[in-house]
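The exercises below ask for a reading of one model, residue by residue and then as a whole. Each task is followed by a solution that proceeds in steps.

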Amino acid sequence: MSVVTSVSECSVHNCSFNHDGCTAVAITVSGSEEHASCATFIDTSVSGGLPKMLAHVGACQRSECSFNHDLLCGAPAVKVGPGADAADCLTYTHA
């Protein structure tokens, strides 16, 4: 895999990295079987990250996801939003 996956959308309004899109340098996808969450989510009043949206998926711990190859995300793009947790990987697809 030679390309990193971009975070194309984040609809989690209370995340410190989400202001007009995800501004984290990279996110980590974690969670449990049948569920993938954004481990980079942080709920504070402090805005963090880069000045503009450039986020990518740095690591994916969901080895059972159909997009996961060697703990890297192979999806064309990832969407993050509310789900079972405050911030979930909505692109997650159980293999």
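**Exercise 1. Locate Ser16, decide whether Ser16 is buried or exposed, and list its contacts.**

Step 1: Ser16 lies in the loop between S1 and S2, where strands are DSSP runs of E with at least two residues, helices are runs of H or I with at least four residues, and both are numbered from the N terminus.

Step 2: The relative accessible area of Ser16 is 5%, and therefore Ser16 is buried; buried means under 20%, exposed over 50%, and partly exposed in between, with a 1.4 Å probe and protein chains only.

Step 3: With neighbours within four places in sequence set aside, Ser16 is in contact with Ile42, Asp43, Thr44, Val46, Ser47 and Gly48, contact being heavy atoms within 4.5 Å.

Step 4: The side chains of Ser16 and Thr44 are joined by a polar contact of 2.7 Å, a term for a pair of N or O atoms within 3.5 Å of which, within protein, one must be able to donate a hydrogen and the other to accept it, while residues adjacent in sequence count only if both atoms are side-chain atoms.

This is a predicted model, in which local features need pLDDT of at least 70 and side-chain atom pairs count only at pLDDT 80 or more, whereas totals for chains, interfaces and linings use all residues. Residues are numbered from 1 along each chain as its sequence is written, and side-chain values use heavy atoms, with hydrogens and water left out.

**Exercise 2. Describe the setting of Val25 in the same manner.**

Step 1: Val25 is placed in the loop between strand S1 (6–10) and strand S2 (26–32).

Step 2: A relative accessible area of 57% makes Val25 exposed.

Step 3: Apart from neighbours within four places in sequence, Val25 is in contact with Leu50, Leu54, Ala55 and His56; the C-alpha atoms of Val25 and Leu54, which are 29 residues apart along the chain, are separated by 6.5 Å.

**Exercise 3. Which residues have the most contacts inside the largest nonpolar core, and which strands supply this core?**

Step 1: The largest nonpolar core has 21 residues, and those with the most contacts inside it are Val7, Cys22, Ile27, Val29, Val57, Val78 and Val80; such a core is a set of buried Ala, Val, Leu, Ile, Met, Phe, Trp, Tyr and Cys residues joined through side-chain atoms within 4.5 Å.

Step 2: At least two residues of this core come from each of S1, S2, strand S3 (35–38), strand S4 (56–60) and strand S7 (77–81).

Step 3: Not counting residues up to four places away in sequence, Val7 touches Cys22, Ile27, Met53, Ala55, His56, Val57, Val78 and Val80.

**Exercise 4. How many disulfides does the structure hold, and how far is the sulfur of Cys15 from the closest cysteine sulfur?**

Step 1: The structure holds zero disulfides, a disulfide being a pair of cysteine sulfur atoms within 2.5 Å.

Step 2: The closest cysteine sulfur to that of Cys15 belongs to Cys10 and is 5.7 Å away, so the pair is too far apart for a bond.

Step 3: Cys22 is likewise in no disulfide, with the nearest cysteine sulfur, that of Cys10, 5.7 Å away; Cys22 is buried at a relative accessible area of 7%.

**Exercise 5. Summarise the secondary structure and burial of the protein chain.**

Step 1: The protein chain has zero helices and eight strands.

Step 2: Of its 95 residues, 39% count as buried.

Step 3: Among contacts with a separation of 6 or more, 72% join residues 24 or more positions apart.
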